[in-house]
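Okay, thanks for coming, everyone. Let me put this one up on the screen, and then we'll walk through it together.

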Amino acid sequence: MIDVERIRRDFPILGREVYGKPLVYLDNAATTQKPQCVIDAISEAYCNVNANVHRGIHFLSQQATDMMEAARDKVRQFIGAGSTEEIIFTRGTTESMNLLASSFAQAFLKEGDEVIISGMEHHSNIVPWQIQAGRYGFKLKVIPVTDLGELDMDAFSAMLSDKTKLVSITHVSNVLGTVNPVSEIISKAHSYGIPVAVDGAQSVPHIKVNVKELGADFYAFSGHKIYGPTGIGVLYGRKELLEQMPPYQGGGEMIKRVTFEKTTYNELPYKFEAGTPDYVGSIALATALDYVQTIGLDKIAQYESELCDYAISKLTQIPGMRIIGNSEHRSAVVSFLVGNIHPSDMGTLLDRLGIAVRTGHHCAEPLMDRMGIPGTVRASFSFYNTKAEIDTLSAGIERVKCMF
Ligand code: PLP
């Protein structure tokens, strides 16, 4: 079992008050809070080992390089990848998806081709493809979302054809909480020889992910959503595909030899890591992953699922409550609307009670259009949240209702 009270003491920010009320932080899908060990890892790296990586022959540079490369290996192990050559450090999921779209499109896509995404994607798995579609002339096909908030898998199967060159799909919806059947999607796509990219921003922090077992060809996630620092993220890519893809950005680190006539590129993964990387970020990300593993992802998934079930049972007792997204397969996100109360009014008033939730379209405007709503209020959970906090949320909603 999870010892929540002990875990909460690892997170200094959870002890603070806002507006004179104890903070109830339920905005974990946007970003997670940081345990002291991650804060210390950042401080320790700057206090004791700071030096630019890869290019230096001096002691500190080599030590920083070793720590960054050890962090890469930690990420590899955490997501079950075969080789560190397949782990590219980026700024986050958004940069991972932009890198992928830009480089994959240049290597593999042309007019007449199709890329399949879904109706529940975050903008970062829509817009990068639209930008590249404008350049290379391929078409985007969108898997419809059912009223329950699940992917229409029959429609997906019917979309696959020899025109399809990639499927790019979110593992867990940041709005609906739906856990998509990515294994099934991958095996269907692979039966046509089509690679699959997975946006793991909302899955990696909550469920055990093994890219090899899943068979994912690409997998992206953000450090800050898994208790690590902002500004660091990961793109996993299968070596065979990455090798055929051109660099995303040019500059230092990503080259082997530069002349004015011709440049040859570095090997993987450095070909995709132009410029000074966020080595401190990667070192602290590794600390965050260690921290999560110490608690254990199985325990995290089980505890968060209990929290989520509890939240749904509490919230659905409130008259006028409408939960958006009712899949049985869900992760630690609950989106809702109450009566005619605008989500931003609800969020603002809950904030005054010390409760941090997110409101709006959650960077998923096409999904809002599909559901016919302007936005939602979203409570998203972490293993440091408690049932008592959900009671506070529920009481807060009742109070806001009384004001309308
Ligand atoms: N994909 C999903 C499903 C997300 O929830 C988010 C962030 O909320 C992103 C992508 C983008 O992540 P980031 O802003 O860390 O790049």
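So, look at Thr-94: a polar side-chain atom there lies 2.6 Å from an oxygen atom of the ligand, which fits within the 3.5 Å allowed between N or O atoms for a polar contact. Ser-222 also puts a polar side-chain atom by a ligand oxygen, at 2.7 Å. With Asp-199, the partner is a nitrogen atom of the ligand, 2.5 Å from a polar side-chain atom. On its own the ligand has 390 Å² of accessible area, and the protein covers 86% of that (Shrake-Rupley method, 1.4 Å probe).

Quick word on where this comes from: it's a predicted model, where local features need pLDDT of at least 70, side-chain atom pairs need 80 or more, and totals for chains, interfaces and linings use all residues. Numbering runs from 1 along each chain as its sequence is written, and side-chain values use heavy atoms, leaving out hydrogens and water.

Back to the ligand: 14 residues surround it, and Gln-202 and Lys-225 are among those that come nearest (a heavy atom within 4 Å counts as near). By class, that shell holds 10 polar, 2 nonpolar and 2 charged residues, with Gly counted as polar.

Now zoom out. The domain assignment, automatic or from a database, gives domain 1 as 4-30 + 297-403 and domain 2 as 39-293. Their centres, over C-alpha atoms, are 28 Å apart. How many residues of domain 1 are in contact with domain 2? It's 37, meeting 33 residues of domain 2, with contact meaning heavy atoms within 4.5 Å.

How values were computed:
A polar contact is a pair of N or O atoms within 3.5 Å; within protein, one must be able to donate a hydrogen and the other to accept it, and residues adjacent in sequence count only if both atoms are side-chain atoms.
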